[in-house]
Amino acid sequence: MDILSSYNLIIGASVIIILSFWFNGISKKTNIPSVLMLIVLGLILQYVLKYLVPETPNFSGGLEILGIIGLIMIVLEAALELELKREKLVPILKSMAIALIGLVGSAYVAALILYQFTPGMSMQSAWLYATPLSILSSAIIIPSVSGLSEVKKEFHIYESTFSDIMGIMMFYYLIGGLNPAEDTGMSGFVGNLALTIGIGLATSYAIILIFQQIKSQAKLFLLIAVLLLLYAIGKKFHLSSLIIILIFGLVIANVKLFFPGKMAVFLENEKLRQIYHELHIITLETAFVVRTFFFVVFGLSIAITSLFSLNVALISILIVLSIYGIRFLILRIFMGKDILPQLYVAPRGLITVLLFYAIPTEAQVPNFESGILLFVIIATSLVMTWAMIKDKRKMNTLLDEIDEEYAERNEAEDLLRNGTEAALNGETEIEGQPEK
């Protein structure tokens with residue numbers, strides 16, 4: 001019997017989605033990231049396939065496609081939830097600064113560690129390997145912080161989204177430096193960024209004006225196809241395509257801001273609200289499915305034996321310690337003493353894996369252990385899990401204390417009320433007695 005037949009693949013894919021939904025439920029109750037469960041599921045399937053199939057298929061090509069689509073959906077999902085208001089300007093700029101400084105600082109220290117401990121690693125290659133390891137994973141963070149306060153949740157959404165975008169831009173800027181003939185320097189990078197923002201705004205206005213006129217009900221996947229097309233064409237022209245996706249999400253989520261005054265006459269508000277609502281649902285569902293298969297396929301493709309290398313453990317532990325050390329300093333400077341659990345919410349994930357597979361052949365180092373990648377992803381996810389569970393217990397304890405305080409207050413009020421009523425009843429009886 002062919003294990004990889006069409007029906008078996010359909011059964012397998014359906015079971016994986018069902019399990020992923022179940023993992024999400026477990027994650028909400030325990031704060032263990034569902035991503036870790038999906039990676040473990042992939043590892044289990046890897047050994048099952050080795051037992052059942054003589055030659056395990058190569059999943060690297062599918063992993064890259066899933067990663068790109070997942071990245072687009074996750075950034076779009078985050079952008080659709082961001083409200084641009086005057087009072088949120090400071091939190092947005094603060095989150096951007098923290099994301100940028102954390103990215104560059106973590107990449108610099110990680111590059112030094114890789115350069116020192118990996119034979120044959122040049123500093124240029126070290127920066128390329130270090131950058132993916134320094135990017136926060138919005139794919140893990142955004143679903144995991146729903147239980148935090150609104151202010152902290154918004155901070156993590158802003159920070160992780162900015163980290164994704166700036167990390168990708170930094171990675172491809174470093175790749176440009178590998179070929180001096182194509183390297184345009186900082187001025188070319190700034191020009192590329194300005195051009196990308198201009199194209200993002202222009203296409204966003206055009207898409208909104210055109211799509212609100214389409215009468216067909218089946219237009220949401222057409223919209224997603226247009227966004228995927230823009231992203232792919234942008235990458236062909238070496239633009240920071242993810243910014244185009246981010247700008248579109250921000251524009252459609254904040255149409256009143258981008259269509260002020262008399263420009264509002266071009267909008268059909270009812271249709272736009274419907275498009276926004278349906279796009280939000282489809283993006284959420286698509287991001288869930290793509291994220292599910294990405295991390296399962298990642299689990300299928302990794303070599304678990306690489307985790308048991310002493311050199312891998314040493315380099316990984318040093319990188320993880322540097323991540324939290326740098327993050328502690330940045331958060332204390334920008335946010336003061338209230339830095340928990342934000343300090344420990346710094347997992348690596350989808351972008352890390354995706355960019356690792358995008359390192360050009362000329363910059364690849366044969367002696368680099370891929371187990372470092374897995375070790376850092378698992379370690380940072382576990383640290384976040386511990387912090388979120390601890391924060392949840394702290395919140396539950398605080399709620400219990402509030403409940404006890406309310407109960408004591410209500411009991412005291414009842415006693416006082418009963419005492420007052422008793423006193424009043426006593427006075428009534430005395431007043432009602434006949435005079436002697």
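**Figure 1. Helix H1 and the residue that follows it.** Just after H1, Asn31 takes a positive phi of about 65°, in what is a predicted model throughout. Helix H1 itself, which runs over residues 6-30, has 25 residues and reaches 36 Å from its first C-alpha to its last, close to the 36 Å expected at 1.5 Å a residue. Within H1, the residues Ile16, Ser20, Phe23 and Ser27 are buried, and what covers the buried residues of this helix includes helix H2 (34-52) and H12.

**Figure 2. The largest nonpolar core and the surroundings of Leu114.** The largest nonpolar core has 115 residues, and those with the most contacts inside it are Leu114 and Ile319. Helix H12 (residues 269-301) provides the largest share of this core, namely twelve residues. When its neighbours within four places in sequence are left aside, Leu114 is in contact with Met121, Ala126, Tyr129, Ala130 and Leu133, as well as with Ile315, Ile319, Phe368 and Ile372. A second core, separate from that one, consists of seven residues, among them Ile98, Phe155, Ile330 and Ile339.

**Figure 3. The aromatic pair of Tyr129 and Phe356.** Of aromatic pairs, the structure holds ten. In the one formed by Tyr129 and Phe356, the arrangement is edge-to-face, with 6.2 Å from centre to centre and 65° between the planes. This pair links distant parts of the chain, since Tyr129 belongs to helix H5 (residues 123-130) and Phe356 to helix H14 (residues 350-356), 227 residues apart. Tyr129 is buried, with a relative accessible area of 5%, and Phe356, at 17% relative accessibility, also counts as buried because the cut-off is under 20%. Ring pairs further link Tyr129, Phe356 and Phe368 into a cluster, and both Tyr129 and Phe368 are among the residues in contact with Leu114.

**Figure 4. The aromatic pair of Tyr324 and Tyr344.** The ring centres of Tyr324 and Tyr344 lie 6.1 Å apart and their planes stand at 50°, so the pair is tilted. Here too distant parts of the chain are linked, with Tyr324 in helix H13 (residues 310-335) and Tyr344 in the loop between H13 and H14, 20 residues apart. Tyr324 is buried, with a relative accessible area of 12%, whereas Tyr344, at 24% relative accessibility, counts as partly exposed.

**Figure 5. A lysine over the ring of Tyr172.** In this view, Lys235 lies over the face of Tyr172, at 3.8 Å from the ring centre.

**Figure 6. Helix H10 within the structure.** Helix H10 (residues 241-253) has 13 residues, which at 1.5 Å a residue should span 18 Å, and its end C-alpha atoms are 19 Å apart, which agrees. Twelve of the 13 residues of H10 are buried, so this helix is largely enclosed by the rest of the structure. The buried residues of H10 are Ser241, Leu242, Ile243, Ile244, Ile245, Leu246, Ile247, Phe248, Gly249, Leu250, Val251 and Ile252.

**Figure 7. Confidence along the chain and residues 398-402.** The protein averages a pLDDT of 81, and 86% of the residues score at least 70. Over residues 398-402, however, pLDDT stays under 50, and the model has zero contacts for this stretch beyond four places in sequence. Where pLDDT is low, the predicted coordinates should not be read in detail.

Technical notes:
Residues are numbered from 1 along each chain as its sequence is written. This is a predicted model: local features need pLDDT of at least 70, side-chain atom pairs count only at pLDDT 80 or more; totals for chains, interfaces and linings use all residues. Side-chain values use heavy atoms; hydrogens and water are left out. A nonpolar core is a set of buried Ala, Val, Leu, Ile, Met, Phe, Trp, Tyr and Cys residues joined through side-chain atoms within 4.5 Å. Buried means under 20% relative accessible area, exposed over 50%, partly exposed in between (1.4 Å probe, protein chains only). Helices (H or I, at least four residues) and strands (E, at least two) are DSSP runs, numbered from the N terminus. Contact means heavy atoms within 4.5 Å. Rings of Phe, Tyr and Trp (its six-membered ring) pair if their centres lie within 6.5 Å; planes under 30 degrees apart count as stacked, over 60 as edge-to-face and the rest as tilted. A charge sits over a ring if NZ of Lys or CZ of Arg is within 6 Å of the ring centre and within 35 degrees of the ring normal. pLDDT is the predictor's confidence in each residue, from 0 to 100. The expected span of a helix is 1.5 Å times one less than its number of residues.
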